[in-house]
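Subject: Structure handover

Hello,

Here is the structure I promised to pass on. Please open it first, then read my notes alongside.

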Amino acid sequence: MSQLWDFSGGIHPPENKIQSTRRPIRTAGIPERLILPLQQHIGVQAEAMVSEGDRVLKGQKIGDVTAGMGVPVHAPTSGIIQAIELRPVPHPSGMSDLCVILQPDGKDEWADLYPVENYQKHDRDEVLQLIRDAGISGMGGAGFPTTIKLRPPRDRKVETLILNGAECEPYITADDMTMRERAAEVVSGMQVMAWILRPSRCVIGIEDNKPEAIAALREAIQGTQIEVSVIPTKYPSGGEKQLVQILTGLEVPSGGIPADIGVMCQNVGTAVAVSRAILEGKPLISRIVTITGDAVQEAGNFDTLLGTPVRALLSEAGLQTNLLNRLVQGGPMMGYTLTTDSVPIVKTSNCVIAATAQELQAPPPEQPCIRCGECAEACPMELLPQQLFWYSKAEEFEKAEHLNLFDCIECGACSYVCPSSIPLVQYYRFAKGEIRTQREEQLKSDRARERFEARQARLEREQQEKEQRRKERAKAAAEAQAKKKAEAEQAAADSEVVDDRSAKAALVQQALERKKAKAAQTKAESSAVQEQPDLETLEKQVTQAEAKLNTMQGMLNEAKAEQADNVDKLERAVAKNHDRVKRAKDALAEARKHVPAEPETPSSE
Ligand code: SF4
Ligand code: SF4
């Protein structure tokens, strides 16, 4: 037998469990209307996936959460969607919420199911997704989505997996009967969760006032690594933090969760739902509900379709309306009064007490606190209920928070023992609600301030950027202007040089052109002369050259005859004149070649 520890405080109220465990679990009938709230757990409300007039099959998804923490809602039987509207839901405030109204068609026709027998061959994430798609949320407490709980932070390895079968609250026996009659499913569901989490220890904690359930579980765990740990009956040993302490000796730190110390707690009903989801492919569409109290003739547990109105269940349990004084959802310690019996059974509904006036008497008027300290003795969380009461009543919420108000599990042990009949838990709930409201308002205000500051910062930044852009534009314009001016000046300077050069070049060009023109003219004239040789002139030149030659030849002859000194000179002159005569004759001959032939004079015949 494993070692057990104790937690401080606790009480032993009358159990009142025997009334509802005399009969086996009964299957509640299908009611005329099923009222299915789209939010049945902590987190985000599901969105309806059906419309009025749609026919749905049993197990078909009719609502789901697309963003945020939540799980889907399924049709508990086949039928027609009658409406999607606000209806009263189980809540301490008596509030209404959006519900899908399903009119059963009596066929109870299942949608296709996809069981996974060898889940060990699948990826863990796939199995977790199947659990989520089956719409499973915690069935023993506030209804935290099970998939999220089964995904602890990576840095928090779960060493111990606990199945909470303590069910310490008076009257409630849903878990007890589940363990008695569905022990195999409890164990197989725990095995699925253990396969996901890989803890080194798996233990089912169960109070010693449930011998039949203990026996059934001990038989079911044969051949497994799971332990059944029987713990002393004391309220509230079923509180998550208390059960962890009893079974492990570890204390969950203030403000923390069991995963912080390597522990995870799941409810036995949740384990059955997980088993059915994986091994049978069935979504969460029903649960075991204890209907008890002296106002019903046949108290017991009912396997009830979600959405069944409490009124229908009470009827099945033989409600004696003349005896009914008060309807309580949950147990007498932590439950709350229902303002109407038209509210539906939801995933977290474990018990409805139809109490007579004698059974759950109205509390006597509140008396002043006598500072007896009984409340502190009873508190399982080792808080100071008396001081918490003062601060809550005086609305000194900050001081109440400093005394760990939020560690209070609202078990009601302090109220139960208070001799002054002070409804202490109501004060704590009021204080918590006010603090949450203040926090939300503070959060809203902070967000509004942050938005305002972000807007201001954005506007300033935009203004600065605008100014910067303006400066850059001005600078660029000034630079462009300066550049343009410099280019213009350079162009002007270059232009002057070019003009000067151009002028000079033009002059040179003009001179060249003149010269060229002159040369051309000369050539033309020359050509013209050549082209039209003057034969007469040439003949004259020949005659003159010959005459001069004769003269010079005579003079030479005379000089030779006289043997004068100028003979040589005259000989050179004669030779020169010979050349001249020759050139003149050549020119004449050349010219005569270009003279067109005179047409022949026709001969007379
Ligand atoms: S039990 Fe009641 S009367 Fe006694 S100290 Fe606590 S609040 Fe005061
Ligand atoms: S209701 Fe809160 S303060 Fe009172 S006994 Fe329980 S945990 Fe302690």
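How many salt bridges does a search of the whole structure find? The search finds 33. Keep in mind that this is a predicted model. I picked out a few of the pairs, then turned to the sheet and the two ligands.

**Salt bridges**

Some background before the pairs. Side chains of opposite charge can pair when their charged atoms come close.

Start in helix 13, which covers residues 424–531. Glu 453 and Arg 449 join their side chains in a salt bridge there, at 3.5 Å from N to O. Why is the separation of Glu 453 and Arg 449 about one helical turn? Because they sit four residues apart in helix 13. Glu 453 has a relative accessible area of 43%, so it is partly exposed. Arg 449 is also partly exposed, because its relative accessibility is 39%. Both values fall between the 20% limit for buried and the 50% limit for exposed.

Helix 13 holds another pair. Glu 467 bridges to Arg 470, and their closest N and O atoms are 2.8 Å apart. These two are three residues apart, again about one turn of the helix. Are they buried, exposed or partly exposed? Glu 467 is partly exposed, at 30% relative accessible area. Arg 470 is partly exposed too, at 41%.

The next pair joins two helices. Glu 571 forms a salt bridge with Lys 560, with 3.7 Å between the closest N and O atoms. Glu 571 belongs to helix 15 (residues 567–594) and Lys 560 to helix 14 (residues 535–562). The pair links distant parts of the chain, 11 residues apart. Glu 571 counts as partly exposed at 35% relative accessibility. Lys 560 is partly exposed as well, with a relative accessible area of 42%.

Salt bridges can also share partners here: Lys 61, Asp 64, Arg 132 and Asp 133 are joined that way into one network.

**The sheet**

Which strands form the open sheet, and in what order? There are six, running 1-14-13-17-15-16, and their pairing is mixed. Strand 1 (26–27) and strand 16 (336–337) are the edges, each pairing on one side only. Helix 3 (residues 174–181) packs on this sheet. Helix 3 touches strand 13 (286–292) and strand 14 (300–305). Its direction makes about 125 degrees with that of strand 13.

Look next at strand 15 (residues 326–329) and strand 17 (residues 351–355). They run antiparallel and are joined by four bridges. In this pairing, Arg 326 of strand 15 faces Ala 355 of strand 17.

**The ligands**

Which residues come closest to ligand 1? They are Cys 369, Cys 372, Gly 373, Cys 375 and Cys 418, out of 13 that surround the ligand. The shell around ligand 1 splits into eight nonpolar, three polar and two charged residues.

Ligand 2 has 13 residues around it. The nearest are Cys 379, Cys 408, Cys 411, Gly 412 and Cys 414. Its shell divides into 11 nonpolar residues, one polar and one charged. Helix 12 (413–417) and helix 13 each supply at least two residues of that shell. Helix 13 therefore appears twice in these notes: it holds the pair Glu 453 and Arg 449, and it contributes to the shell of ligand 2.

Best wishes

Technical notes:
Residues are numbered from 1 along each chain as its sequence is written. Chains are lettered from A and ligands numbered from 1 in the order in which they are written. This is a predicted model: local features need pLDDT of at least 70, side-chain atom pairs count only at pLDDT 80 or more; totals for chains, interfaces and linings use all residues. Side-chain values use heavy atoms; hydrogens and water are left out. Two strands pair if DSSP finds at least two bridges between them. Contact means heavy atoms within 4.5 Å. Axes are lines fitted to C-alpha atoms, for helices over the stretch in contact, and angles run from 0 to 180 degrees between N-to-C directions. A salt bridge is a side-chain nitrogen of Lys or Arg within 4 Å of a carboxyl oxygen of Asp or Glu. Buried means under 20% relative accessible area, exposed over 50%, partly exposed in between (1.4 Å probe, protein chains only). A residue is near a molecule or strand if one of its heavy atoms lies within 4 Å of it. Ala, Val, Leu, Ile, Met, Phe, Trp, Tyr, Cys and Pro count as nonpolar, Asp, Glu, Lys and Arg as charged, and the others, Gly among them, as polar.
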